[in-house]
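Me: Please take a close look at the aromatic ring pairs in this structure and at the helix packing that goes with them. I would like one connected account.

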Amino acid sequence: YLIDRHYLVKPQIAFVHIDNMKGQKLGSWPVTYKTAVVENQYRNNIIAQLSSNLIDMGRNVLILVQQIQHGDLLEEIIPNSVFIHGSSTKQKREEQIHLMKIGKSVGPTIASTIADEGIDLKPLNALILAGGGKSPCRALQRIGRVLRPYTYPDGTKKTEAFVYDLYDHQKYLTTHAMARRKIYLTEPSFDVRDVHLS
């Protein structure tokens, strides 16, 4: 409804399938998440490449993670990225949020769940959901971060947003991805597609 009436912009949501650990028995949920998500170098490199591609397109990029360690690892491999989280200094958080609000962040911003707390970041037009998650409603809320209309200083208007979600083929994670995909498909104005890298 809001997209049709131009109160929100239309998102293009690409599910990037990650299958390098498909079929591996990793054990409990905490071990699976740590191995298949946080410390999965193949997956993290894909996130870094997606981020680089979006920056090259002139996009304002937000990368959302669930765990501090994951954000630290991504910050190490993504050029010009800044990771903000609950333990960051107040000055660092405020400076980076200000740069995002005015669309002047040089590289992508990586953020933990602090970005779930109603921060108004209208210039953002690209989102990478790097942390997965089993709550489809929260994923929908996070997508909302990049859907606010905005007119940039040069006069161009934000008319669409890019969202990358990662469809992990691993115990627990596949079920979570399927739940997120299902709720995205309930929105008729969401353009949802699958990307297979191999």
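Reply: In this predicted model, the count of aromatic pairs comes to five, with ring centres required to lie within 6.5 Å. One pair joins Phe-15 and Tyr-167: the ring centres are 5.6 Å apart and the planes stand at 80°, so the geometry is edge-to-face, given that angles over 60 degrees fall in that class. Phe-15 belongs to strand 1 (residues 10–18) and Tyr-167 to strand 6 (residues 160–168), so this pair ties together parts that lie 152 residues apart in sequence. Phe-15 and Tyr-167 are both buried. Ring pairs also bring in Tyr-184, which forms a cluster with Phe-15 and Tyr-167.

Tyr-184 leads on to the helix packing, as this residue is among those of helix 6 that make the contact with helix 5. The axes of helix 5 (residues 136–143) and helix 6 (residues 173–184) come within 8 Å and cross at roughly 55°. The two helices are therefore oblique to each other, and their crossing is right-handed. On the side of helix 5, the contact is made by Pro-136, Cys-137, Ala-139, Leu-140 and Ile-143. Helix 6 contributes Ala-179, Arg-180 and Ile-183 in addition to Tyr-184. By class, eight residues of this contact are nonpolar, one is charged and none is polar. The charged residue is Arg-180 of helix 6.

Tyr-184 thus appears in both settings: in the ring cluster with Phe-15 and Tyr-167, and in the contact between helix 5 and helix 6.

Technical notes:
Residues are numbered from 1 along each chain as its sequence is written. This is a predicted model: local features need pLDDT of at least 70, side-chain atom pairs count only at pLDDT 80 or more; totals for chains, interfaces and linings use all residues. Side-chain values use heavy atoms; hydrogens and water are left out. Axes are lines fitted to C-alpha atoms, for helices over the stretch in contact, and angles run from 0 to 180 degrees between N-to-C directions. Helices (H or I, at least four residues) and strands (E, at least two) are DSSP runs, numbered from the N terminus. Angles under 35 degrees count as roughly parallel, over 145 as roughly antiparallel, 65 to 115 as roughly perpendicular and the rest as oblique. A crossing is left-handed if the near helix is turned anticlockwise from the far one by less than a right angle, and right-handed if clockwise. Contact means heavy atoms within 4.5 Å. Rings of Phe, Tyr and Trp (its six-membered ring) pair if their centres lie within 6.5 Å; planes under 30 degrees apart count as stacked, over 60 as edge-to-face and the rest as tilted. Buried means under 20% relative accessible area, exposed over 50%, partly exposed in between (1.4 Å probe, protein chains only).
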